[in-house]
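Morning, everyone. I'll walk through one structure today, helix by helix and then loop by loop. Please have it open in front of you.

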Amino acid sequence: MSNYVPNKNRYQGMKYNRVGNSGLKLPAISAGLWQHFGETDVYATCRDIICRSFDLGITHFDLANNYGNPPGSSEEIFGKVLRTQLQGYRDEILITTKAGYDMWEGPYGEWGSKKYLIASMDQSLKRLGVDYVDMFYSHRYDPETPLEETMRTLDLFVRQGKALYVGISNYDLENTRKATRILKELGTPCLIHQPSYSMFNRWIEDGLQDYLAEEGIGMITFQPMQRGLITNTYLNGIPADRAARLAEIGITEPRVAKARKLNEIAIKRGQSLAQMAISWVLRNGKVSSVLVGAEKVSHIEDNIAALKNLDFSIEELNQIDSILKM
Ligand SMILES: NC(=O)c1ccc[n+]([C@@H]2O[C@H](COP(=O)([O-])OP(=O)(O)OC[C@H]3O[C@@H](n4cnc5c(N)ncnc54)[C@H](OP(=O)(O)O)[C@@H]3O)[C@@H](O)[C@H]2O)c1
């Protein structure tokens, strides 16, 4: 991999969707570097996943200050790959980072104050080894800090040239309305919202996705495979030695039973279950991009093939809905 040369045909198989009313386009599938990208993971695997993603037309890499074990190591790993394998390709790549969750000790190491966000942005730029990120998100709504303070800081980052665009993540509908109005007044429109969304988690259908569409704000969703639940991994049963830990993230036998039924539909569609999970999120064009995590290169290769079949018949959608309601 030391002489990595990106695939010349990398833009041919990917679909690029406009983000809301902005000038920016995102690949329909983006790479999330939360899990499996830390100091405790094998560097060569992380590097290969990033390079293979780029070869497949994935131009967008999603990070946050706290990603990786220890927190921050995901940004360091991505920065190293950028400096080595991807040197010279910065202008073909979108780098996203965020701040909001616990990052360092004390009262200034999490949430949405200007003090925390400014320090976090500077740390992220250093770890990544870049002068600016393409998108910066407030990672979660802070009920104690005035929204004006958090949004003014996002606006400041754009004015300072430290971020090209800004977004919010995990904000509910009411706080999304407030935050996006403030950003609009400041002259830095909210580019994008990053909520969770999957067949098992449909909260955004309750108003948020319509509001974003009306306002011309893009949407990139995370956890389409529900942390591995909607993949082939557990179809033959949950390993007893991991059952307690997996239950904590919602991977339980009753839900796996539903995944088995969903898999029957996926097989008829000629897709793996993971592919159908991703296609389902992208099915109606309301989501600009779907973030997928990967533990190995074959996950990315499997997931990207979802783009070959994004259409669902009414019958398939009804069948999926009735399985999920069971
Ligand atoms: N904004 C936020 O608050 C927030 C929160 C969470 C995530 N995110 C973003 O979303 C990204 C994705 O999240 P995620 O990793 O939790 O969710 P995910 O994409 O639903 O699940 C990814 C996991 O599923 C398994 N997997 C992926 N492809 C597979 C395949 N083809 N076959 C079998 N298993 C497969 C892998 O885990 P195993 O091999 O371990 O099963 C992988 O780590 C993150 O990296 C991050 O960028 C954002």
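**Helix α3 and its surroundings**

Let's start with the buried residues of α3: Y116, L117, S120, M121, S124, R127 and L128. Now look down the axis. These residues cover an arc of only 130 degrees around it, which puts them on the same side of α3. One reminder before I go on: this is a predicted model.

What covers that buried set? The cover includes two helices, α2 (73–83) and α4 (147–160), and two strands, β5 (94–99) and β6 (133–138).

Next, a quick check on length. Helix α3 runs over residues 114–128, so that is 15 residues. At 1.5 Å a residue, α3 should span 21 Å. The C-alpha atoms at its ends are 21 Å apart, so the two agree.

Now the helix pair. Two packed helices are described by the angle between their axes and the distance between the axes. For α2 and α3, the angle is about 40 degrees and the axes are 7 Å apart. Is that roughly parallel or oblique? An angle under 35 degrees would count as roughly parallel. The α2 and α3 pair is oblique.

Which residues make this contact? From α2, take E75, E76, F78 and G79. From α3, take S124, R127 and L128. By class, the contact holds 3 charged, 2 polar and 2 nonpolar residues. Note that S124, R127 and L128 are also on the buried list of α3.

Step off the end of the helix. Just after α3 comes G129, with a positive phi of about 75 degrees.

Then V130, in the loop between α3 and β6. Is V130 buried or exposed? Buried: V130 has 20 C-beta neighbours inside 10 Å, and 20 or more is the cut-off. Leaving aside neighbours within four places in sequence, V130 touches I95 and L125. For a sense of distance, take V130 and D55. They are 75 residues apart in sequence, and their C-alpha atoms are 21 Å apart.

**Over to α4**

L154 sits in helix α4. It counts as buried, with 25 C-beta neighbours inside 10 Å. What does L154 contact, beyond four places in sequence? The list is F136, S138, V166, L183 and T188. Take V166 from that list. V166 is 12 residues from L154 along the chain, and the two C-alpha atoms are separated by 6.4 Å.

L183 comes up again at P189. P189 is in the loop between α5 (173–186) and β8 (192–194). Outside its neighbours within four places in sequence, P189 is in contact with L183 and K184. How does P189 score on burial? With 17 C-beta neighbours inside 10 Å, P189 counts as partly exposed. P189 and S73 are 116 residues apart along the chain, with 30 Å between their C-alpha atoms.

**Helices α9 and α10**

How many of the 10 residues of α9 are buried? The count is 10 of 10, so α9 is largely enclosed by the rest of the structure. Among them are L273, M276, W280 and L282. The buried residues of α9 pack against β3, β9, α8 (253–268), β10 and α10.

Now α10, residues 297–304. Its buried residues are I300, D302, N303 and I304. They pack against β3 (29–32), α1 (43–55), α9 (273–282) and β10 (289–292). So β3 and β10 turn up as partners of α9 and of α10.

**Backbone points to check**

Three places to look at the backbone. Most residues other than glycine have a negative phi, and most peptide bonds are trans.

First stop, W111, in the loop between β5 and α3. W111 is not a glycine, yet its phi is positive, near 70 degrees. W111 is buried, with 22 other C-beta atoms within 10 Å.

Next, Q223, in the loop between β9 (218–221) and α7 (243–248). Q223 is not a glycine either, and its phi is positive, about 60 degrees. Q223 is buried too, with 25 other C-beta atoms within 10 Å.

Last, the bond between N69 and P70. That peptide bond is cis, with omega about 0 degrees. P70 lies in the loop between β4 (60–62) and α2.

That's my tour. Over to you.

Methods
Residues are numbered from 1 along each chain as its sequence is written. This is a predicted model: local features need pLDDT of at least 70, side-chain atom pairs count only at pLDDT 80 or more; totals for chains, interfaces and linings use all residues. Helices (H or I, at least four residues) and strands (E, at least two) are DSSP runs, numbered from the N terminus. The expected span of a helix is 1.5 Å times one less than its number of residues. A residue is buried if 20 or more other C-beta atoms lie within 10 Å of its own, exposed if 12 or fewer, and partly exposed in between; C-beta atoms are placed from the backbone. The arc is that of the directions from the helix axis to the C-beta atoms. Two residues are in contact if their C-beta atoms, placed from the backbone, lie within 7 Å. Axes are lines fitted to C-alpha atoms, for helices over the stretch in contact, and angles run from 0 to 180 degrees between N-to-C directions. Angles under 35 degrees count as roughly parallel, over 145 as roughly antiparallel, 65 to 115 as roughly perpendicular and the rest as oblique. Ala, Val, Leu, Ile, Met, Phe, Trp, Tyr, Cys and Pro count as nonpolar, Asp, Glu, Lys and Arg as charged, and the others, Gly among them, as polar.
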